[in-house]
Amino acid sequence: MSDVLAKLAQVLEARKQADPDSSYVASLHAKGLNKILEKVGEECTETLLAAKDAETSGDTSDVIYETADLWFHSLVMLSRLGLGPEDVLNELARRFDLSGLEEKANREG
């Protein structure tokens, strides 16, 4: 699974320097971090709404689609900040042996 994320991260890095008129990712970078964050927020809201609809309808296709958009734009954000999916995966791996309550307590302390 992480191979897909690694390949996507490579594409996103390459497209950072592309012509903004021919690359959606380059156009986001050209508009700056605030535009990227706006897209992350928009996709987050759409994901939440799709999840609520999925619980009612039982149809999860929209929540999968919107989550893919959210992940994509989150990866663009990470790329803008010089980070990638590996950084997030490493953090998740670090938390693997912690209980959720223990991890939360560590953040609050």
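Which helices do the buried residues of α4 pack against? They pack against α1 (2-16), α2 (24-31), α3 (33-57) and α5 (85-95). Keep in mind that you're looking at a predicted model. Let's start with α4, then go through the charged side chains and finish with a greasy spot on the surface.

**Helix α4**

- Helix α4 covers residues 61-80, and its 20 residues should span 28 Å at 1.5 Å a residue. The C-alpha atoms at its ends are 29 Å apart, which agrees with that expectation.
- The buried residues of α4 are V63, E66, L70, H73, L75, V76, L78 and S79. These are the ones to click on if you want to see how α4 packs against α1, α2, α3 and α5.
- After α4 comes G82, and its phi is positive, near 80 degrees.

**E66, a buried charge**

- Here's a curious one: E66, in helix α4, is buried yet has no salt bridge.
- How far away is the nearest side chain of opposite charge? That side chain is K39, and it sits 8.6 Å from E66.
- Leaving out residues up to four places away in sequence, E66 touches E43, E46, T47 and A50.

**K39 and its partners**

- K39 lies in helix α3. Is K39 buried or exposed? Its relative accessibility is 13%, so K39 counts as buried, because the cut-off for that is under 20%.
- With residues up to four places away in sequence set aside, K39 touches Y24, L28 and H73. H73 is itself one of the buried residues of α4.
- K39 does have a salt bridge, and its partner is E42, with the closest N and O atoms 3.0 Å apart.
- Both K39 and E42 belong to helix α3, where they are 3 residues apart, about one turn of the helix. E42 is partly exposed, with a relative accessible area of 33%.
- The story doesn't stop at a pair: salt bridges that share partners join K39, E42 and E43 into one network. You've met E43 already, as one of the residues that E66 touches.

**Other salt bridges**

- How many salt bridges does a search of the whole structure find? The search finds 6, and here are two more to look up.
- In helix α1, E13 and K16 are 3 residues apart, about one turn of the helix. They form a salt bridge whose closest N and O atoms are 3.5 Å apart.
- Both ends of that bridge are partly exposed: E13 has 37% relative accessibility, and K16 has a relative accessible area of 22%.
- K35 and E38 meet through their side chains in a salt bridge of 3.1 Å, N to O. They are 3 residues apart in helix α3, so about one helical turn separates them.
- K35 counts as partly exposed at 25% relative accessibility, and E38 is partly exposed as well, at 46%.
- Why does this spacing suit a pairing? An α-helix has 3.6 residues a turn, so residues three or four places apart point the same way.

**A nonpolar patch on the surface**

- Which residues make the nonpolar surface patch? V88, L89 and L92 do, and the patch comes to about 220 Å².
- L89 lies in helix α5, and with 30% relative accessibility L89 counts as partly exposed.
- Helix α5 is also one of the helices that the buried residues of α4 pack against.

Key
Residues numbered from 1 in each chain as written. Predicted model: local features only at pLDDT ≥ 70, side-chain atom pairs only at ≥ 80, totals over all residues. Heavy atoms only, no water. Helix = DSSP H or I, 4+ residues; strand = E, 2+ residues; numbered from the N terminus. Expected span 1.5 Å × (residues − 1). Buried < 20%, exposed > 50% of the residue type's maximum accessible area, 1.4 Å probe, protein only. Contact = heavy atoms within 4.5 Å. Patch = residues over 30% accessible without salt bridge, like charges linked within 9 Å, V, L, I, M, F, W, Y side chains within 5 Å. Areas by Shrake-Rupley, 256 points an atom, 1.4 Å probe, with all protein chains shown as cover. Salt bridge = Lys/Arg side-chain N within 4 Å of Asp/Glu carboxyl O. Lys, Arg positive; Asp, Glu negative; His and termini not counted.
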